[in-house]
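Dear colleague,

I am handing over a structure for you to look through at your own pace. Please open it first, and then read the notes that follow.

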Amino acid sequence: MKKEIILTQECNQEIRAISDTMEVLSGKWKIQIIATLLIHGKMRFMELLRTTNGIGAKKLSKDLEELEMNKLITRTVMNTKPITVEYEITPYGRKMEHLINKITEWGLKHREHMFKENN
């Protein structure tokens with residue numbers, strides 16, 4: 001017979017917060033896009049496309065739209081010919097900088113750990 005596990009209200013809130021975060025940042029590219037904008041500041045669509053290795057234009061456009069919808073970035077249409085669009089991290093999006101730094105730190109350590117394990 002399986003033991004029933006009852007989670008506390010606090011635990012349920014934390015799990016829901018993780019779920020919400022993962023929903024906003026889901027996919028392979030959104031964290032990379034945010035990190036690139038944190039590092040480089042304002043960027044045009046084509047600059048983001050070139051610096052986010054492997055992403056297609058359609059996927060980049062969709063992810064940028066979702067990040068804008070979640071108020072992590074802003075999209076500014078410039079009054080130029082041809083029209084150019086710039087993307088920038090919002091002050092709210094900047095609050096992710098610590099999280100991005102921690103993900104980067106863990107990723108570097110993980111790569112080092114895996115390299116040592118396989119050699």
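In which helix is isoleucine 15 found? Isoleucine 15 belongs to helix 1, which covers residues 9–24. Please keep in mind, as you read on, that this is a predicted model.

Is isoleucine 15 buried or exposed? The answer lies between the two words: its relative accessible area is 44%, and because exposed residues must have over 50% and buried ones under 20%, isoleucine 15 counts as partly exposed. Together with Ile5 and Leu7, Ile15 forms a nonpolar patch on the surface, and the accessible area of these residues together is about 300 Å².

Next comes the sheet. Three strands make up an open sheet in the order 1-3-2, and their pairing is antiparallel. Strand 1 (43–44) and strand 2 (73–78) are the edge strands, each of them pairing on one side only. In general, the strands of a sheet pair through backbone hydrogen bonds. Here, strand 1 is joined to strand 3 (residues 84–89) by two bridges in the antiparallel sense, and methionine 43 has tyrosine 87, in strand 3, as its bridge partner.

Helix 2, which runs over residues 30–40, packs on this sheet and touches strand 1, strand 2 and strand 3, while its direction makes about 90° with that of strand 3. Several residues of helix 2 are buried, among them Ile33, Ile34, Leu37 and Leu38, and the buried residues also include Lys30 and Thr36. Just after helix 2 you will find glycine 41, which takes a positive phi of about 80°.

With best wishes

Key
Residues numbered from 1 in each chain as written. Predicted model: local features only at pLDDT ≥ 70, side-chain atom pairs only at ≥ 80, totals over all residues. Heavy atoms only, no water. Patch = residues over 30% accessible without salt bridge, like charges linked within 9 Å, V, L, I, M, F, W, Y side chains within 5 Å. Areas by Shrake-Rupley, 256 points an atom, 1.4 Å probe, with all protein chains shown as cover. Salt bridge = Lys/Arg side-chain N within 4 Å of Asp/Glu carboxyl O. Helix = DSSP H or I, 4+ residues; strand = E, 2+ residues; numbered from the N terminus. Buried < 20%, exposed > 50% of the residue type's maximum accessible area, 1.4 Å probe, protein only. Pairing = 2+ DSSP bridges. Contact = heavy atoms within 4.5 Å. Axes fitted to C-alpha atoms, helices over the stretch in contact; angles between N-to-C directions.
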